[in-house]
Amino acid sequence: MKGLPPSLRSRKRYIAFRIIAEKKIDERSLSRALSEKMLSLFGECFAASGLRLEAFDGERGIVRCYREALDKVMVALTLMTHVGGVRVIPLTLGVSGTIKRCKRKYLEV
Amino acid sequence: MYDFLRFFPENLPDLGFKSYVFMLEKPKGCGIVIRANSPEELRKKLRGVKRRAIVGIIGKEAVCREAVMRRRVDVILDWEDRELDYATLKLAAEKDVAIELSLSKFLRTEGYKRMHLFERLRQEIMVIRKFDVPFIVTTAAENQYELRTRKQVETFFKFFGAEIPKARLYAQRLVRRYFDENYIMDGFEVEQLSNSGVV
């Protein structure tokens, strides 16, 4: 819903992750694979989690979700084995409350 | 936190585990996997284990029930078709045999099969909590694609209600029992050794 006051907006969490894949995978297929995994695991009723792929460079990325759905997204990310037909190993690096902190803490070398 | 793997990886990325236990059927890992189709076969194979290593069992319901009553068995390993009944879990708590809860079986299955596995996991965790059964959470990876970070494994089983601090404790206890010379029993260990004996 648009125009909600900040106190009523749902809180978000940013998950930094790393994908080890056989071939190069693109942002779109990863986002789709994650959404489909959420849907297949939790169903239409409980899959809503504010999921959004914020950044992905082919290996590392950040995914955004609601704080309440953090565990669900982590489970979906853990159970992901294929992205667009490519076998992958998704590894989560950490969780943060802001995208800035997430980048600084987990993605900057 | 220790992870129990079923293969020797060539190069392992940092996954946040303290160390790894390699449970292999060939006698070269720090753990031995025994597969049995019947209790008789299990007893026969257990008699043949001479090496000091963690012994894990893979088998059907009857084999698992027999295994929890054997002193040489340390852990009932997890696989897709493992079935543990209420009595077996209760016995496991009494006999101090750990139950492995693995992540890899959920990665290898899809759809209905995985749905039943989730249901079974939920029930197992319920009984584990009731009787305070020793249990360990692992990836039980058979290849590199089944490897996950410690945080992922813990979050997954926490989602289904497992008490992760306890799982860590049981895994540590199991490993220390075999590979830490200073460990005697829970809360009882050698602090320092002098030339004349224990200080």
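Chain A and chain B bury about 1,700 Å² between them, and carbon and sulfur atoms account for 66% of that area. On the chain A side, the residues that lose the most area to chain B are A:Thr78, A:Leu79 and A:Ile89, which together make up 30% of what that side buries. Keep in mind as you look around that this is a predicted model. Counted by residues, the interface brings 19 residues of chain A into contact with 18 residues of chain B.

What about the polar side of this interface? There is one salt bridge across it, and you can find it where the side chains of A:Lys37 and B:Glu110 come together, with N and O 3.4 Å apart. Five residue pairs are in polar contact between the two chains, both partners being at pLDDT 80 or more. If you want to see which parts of chain A do the touching, look at α1 (27–46), α2 (70–78) and β5 (86–96): these are the elements that give two or more residues to the side facing chain B. Sorted by class, that side of chain A has eleven nonpolar, three polar and five charged residues.

Stay in chain A for its sheet. Five strands form an open sheet in the order β2-β3-β1-β5-β4, with antiparallel pairing. At the edges sit β2 (52–56) and β4 (82–83), each of them paired on one side only. Follow β2 of chain A to its partner β3 (residues 60–66): the two run antiparallel and are joined by four bridges. Here A:Arg52 stands opposite A:Arg64 of β3.

Now for the salt bridges, of which the structure holds 29 over all chains. Chain B offers some nice contrasts. Start with B:Glu61 and B:Arg65, whose closest N and O atoms are 3.8 Å apart. Both belong to helix α2 (residues 61–68) of chain B and are four residues apart, about one turn of the helix. How buried or exposed are they? B:Glu61 has 30% relative accessibility, so it counts as partly exposed, and B:Arg65 is partly exposed too, with a relative accessible area of 34%.

Next, take a salt bridge that reaches further along the chain: the side chains of B:Asp78 and B:Lys105 meet at 3.1 Å, N to O. B:Asp78 is in the loop between β5 (75–76) and α3 (86–95) of chain B, while B:Lys105 is in helix α4 (residues 104–108), so this pair ties together parts that are 27 residues apart in sequence. B:Asp78 counts as buried because its relative accessibility is 4%, and B:Lys105 is buried as well, with a relative accessible area of 1%.

The loop between β5 and α3 of chain B and helix α4 are also linked through B:Glu80 and B:Arg108, which lie in the loop and the helix respectively, so this pair ties together parts that are 28 residues apart in sequence. Their side chains meet in a salt bridge of 2.8 Å, N to O. Is each partner buried or exposed? B:Glu80 has 19% relative accessibility and so counts as buried; the cut-off for that is under 20%. B:Arg108, at 30%, counts as partly exposed.

One last stop in chain B: B:Glu40, B:Arg43, B:Glu66 and B:Arg70 are linked in a network of salt bridges.

Note on methods: Residues numbered from 1 in each chain as written. Chains lettered and ligands numbered in written order. Predicted model: local features only at pLDDT ≥ 70, side-chain atom pairs only at ≥ 80, totals over all residues. Heavy atoms only, no water. Contact = heavy atoms within 4.5 Å. Buried area = accessible area lost by both parts, 1.4 Å probe. Salt bridge = Lys/Arg side-chain N within 4 Å of Asp/Glu carboxyl O. Polar contact = N/O pair within 3.5 Å; in protein donor to acceptor, adjacent residues only side chain to side chain. Nonpolar A, V, L, I, M, F, W, Y, C, P; charged D, E, K, R; others polar. Pairing = 2+ DSSP bridges. Buried < 20%, exposed > 50% of the residue type's maximum accessible area, 1.4 Å probe, protein only.
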